[in-house]
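Biologist: Mind if I quiz you on the terms you use for this one? I'd like to hear what stands behind each label.

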Amino acid sequence: MGRYFKSLRRFWGTAVASQLEYQFNVVIELIAVGLSLLGSLFMLSLFFGPGRELGGWSWHEALIVQGFYTVLDGVASTWLRPNLSSIVTHVREGTLDFVLLKPIDSQFWLSLRTISPAGLPEIVLGFLLVIWGGHQAGASLTPGGIAVVLVMLLAGGLILYSLWFLIAATSIWFVKTWNATEVLRAVLASGRYPVAAYPAPLRLLFTLVIPVAFLTTVPAEVVLGRASAPMLWLGLGLAVGFFFAARQFWLYALRHYTSVSS
Amino acid sequence: MRIFGLNRKIVRVLLGTEYAHMLEYRAEIALWALSGVLPFIMLSLWNGSDARGVLGMDGVGLDRYFLSAFLVRQFSVVWMVYAFEEDALTGRLSPYLLQPLHPLWRYVASHLGEQLTRLPFAAAITAIFFLIQPKAFWLPSLGHFVLAWLATWMAFSIAFLLQSLIASLCFWSEKASALERLLFIPFLFLSGLLAPLTAFPPLVRALAQWTPFPYLIDFPARVLAEQPVDLLAGFAIQLAWIVLLLPLVLLLWRAGVRRYSAMGA
């Protein structure tokens, strides 16, 4: 275990150091995050007006959903995108062989090798939006409530990671899966809005097949104190299930991996 | 006749090879077509929302608008910056620069080849849409179809020139894709992909009209969906953007190439 922690510290230390060399990119990234949030809020505001609601959610309540979406998008650009998109490159260029030879778990290495600090401001902004929206919507959270929110957010993050990793792992067979992750991103964008705003068939799809609901809507419901216990347990169960599936699929994929030399 | 090194024979060969190349990646292009589902997600959201009244479209009109927006996006997607950045970084660009053909044509050809490959997938998604929403079915008249095709093609040209402008900056900075992100954000929110422009407050709509973005999706989509739209003004503004951007791209490109060769020397 100690070896894994030490590796992580080294990985992230070097990643941050090398990214900070490109200061121009950091500035662009900050502007992009700001503009993107501004655009999302504008788009959300179009659905509201005097006496208007979105799927039974008020403007301030919907802001909480938007906030959690921003947090998870930040998590995706900090950890998921830089790491999981390089799996494809490793397969194509044959450098996956080196990863497999290392005395460390390959999934761990591929999933956490680098971080991109550019996504961190997005995470902070997202939480601020959640706090402000929650305050305006009259939510009062106890320390226990905050703990539940964080657990559900972790479950959401785990679902997101597992889905992304599952798709990335298919590159062992298909080599190019860049567009598969684009499909995933397009569908995940639906998490910007409360699931209740979608028609019934899509609601079912977003709850059970591609569980977008658990990424944003369910944590927001916890903040508002209207989450139901079965939904929380379902979310946790799905998170564990998806993670287990991703792990098993990776081990299966590796058995089918024929390195460049063989 | 040669335009920047292009003649009929070269056009045929370029398009043929790029189409063949794209056919190899059919599975990937199918997925890419599928990743354009965003207008459908927004459609389902708008359909059930209290705010539908402000759009100025009835149910069928909204269905047709978002389907048209999907189709316009399918045939005006440009990924020039990413392809160019890779070519520049890996040095593949150098031999292209030596050829008497302007390298930009090569990228135009590969986009056209991709659009051709994408056609069946876009048609399949459209067919599924009509199966689910048979009430929304319509066939545009031949005149409207030709106009919509022209508007989409002009939208593609504007998008391509905008990206070429950013790609030319690759000669100065190796990370043009970061700038492309900045271009994509206003495109996403102002083009009409997520909401028809009629949903915007008047001030925002007036401001958006001064950017090229509504002419990339909203205008061609309205033409295709046969909705009331000022055809003359729309085409005139599209043309104006092309006339404005084309010399800029060529100038920046020439300056960039001069700098690029200086780097190798």
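Modeller: Start with the second largest pocket: helix 1 (8–24), helix 4 (59–74), helix 7 (103–132) and helix 8 (142–168) of chain B each put at least two residues into its lining. Bear in mind that the model is predicted.

Biologist: Which helix gives the most to that lining?

Modeller: Helix 7 of chain B, with nine residues. The whole lining comes to 27 residues, and nearest the centre lie Leu71(B), Phe75(B), Leu119(B), Phe145(B) and Trp149(B). The volume of this pocket is about 820 Å³.

Biologist: What makes a residue part of the lining?

Modeller: An atom within 4 Å of a grid point of the pocket. By kind, the lining residues split into 22 nonpolar, five polar and no charged.

Biologist: Now the interface. Why is the pair Arg181(B) and Glu29(A) called a salt bridge?

Modeller: The closest N and O atoms of Arg181(B) and Glu29(A) are 2.1 Å apart. The cut-off is 4 Å between a side-chain nitrogen of Lys or Arg and a carboxyl oxygen of Asp or Glu, so the pair qualifies. Across the interface of chain A and chain B the rule finds one salt bridge, and two residue pairs in polar contact.

Biologist: Which helices of chain A supply at least two residues each to the side that touches chain B?

Modeller: Helix 2 (23–45) and helix 9 (178–188) of chain A. Helix 2 of chain A gives the most, 11 residues. That side of chain A divides into 21 nonpolar, six polar and five charged residues.

Biologist: How many residues does each chain bring to the contact?

Modeller: There are 32 from chain A and 31 from chain B. About 3,000 Å² is buried between the two chains, with 74% of that from carbon and sulfur atoms.

Biologist: What makes Asp105(A) and Arg247(A) a salt bridge too?

Modeller: Their side chains meet at 2.9 Å, N to O, and with a limit of 4 Å that pair therefore counts. Asp105(A) sits in the loop between helix 4 (96–101) and helix 5 (106–112) of chain A, while Arg247(A) is in helix 12 (residues 229–255) of chain A, so the pair ties together parts 142 residues apart in sequence. Over all chains, the structure holds eight salt bridges.

Technical notes: Residues are numbered from 1 along each chain as its sequence is written. Chains are lettered from A and ligands numbered from 1 in the order in which they are written. This is a predicted model: local features need pLDDT of at least 70, side-chain atom pairs count only at pLDDT 80 or more; totals for chains, interfaces and linings use all residues. Side-chain values use heavy atoms; hydrogens and water are left out. Contact means heavy atoms within 4.5 Å. Buried area is the accessible area (1.4 Å probe) that two parts lose on being put together, summed over both. A polar contact is a pair of N or O atoms within 3.5 Å; within protein, one must be able to donate a hydrogen and the other to accept it, and residues adjacent in sequence count only if both atoms are side-chain atoms. Helices (H or I, at least four residues) and strands (E, at least two) are DSSP runs, numbered from the N terminus. Ala, Val, Leu, Ile, Met, Phe, Trp, Tyr, Cys and Pro count as nonpolar, Asp, Glu, Lys and Arg as charged, and the others, Gly among them, as polar. On a 1 Å grid over the protein atoms alone, a cavity is a set of points where a 1.4 Å probe fits but cannot get out, and a pocket is an open set with protein on both sides within 12 Å along at least five of seven lines; lining residues have an atom within 4 Å of a point. Grid points are joined across faces, edges and corners, and a volume is the space filled by probe spheres set on the points.
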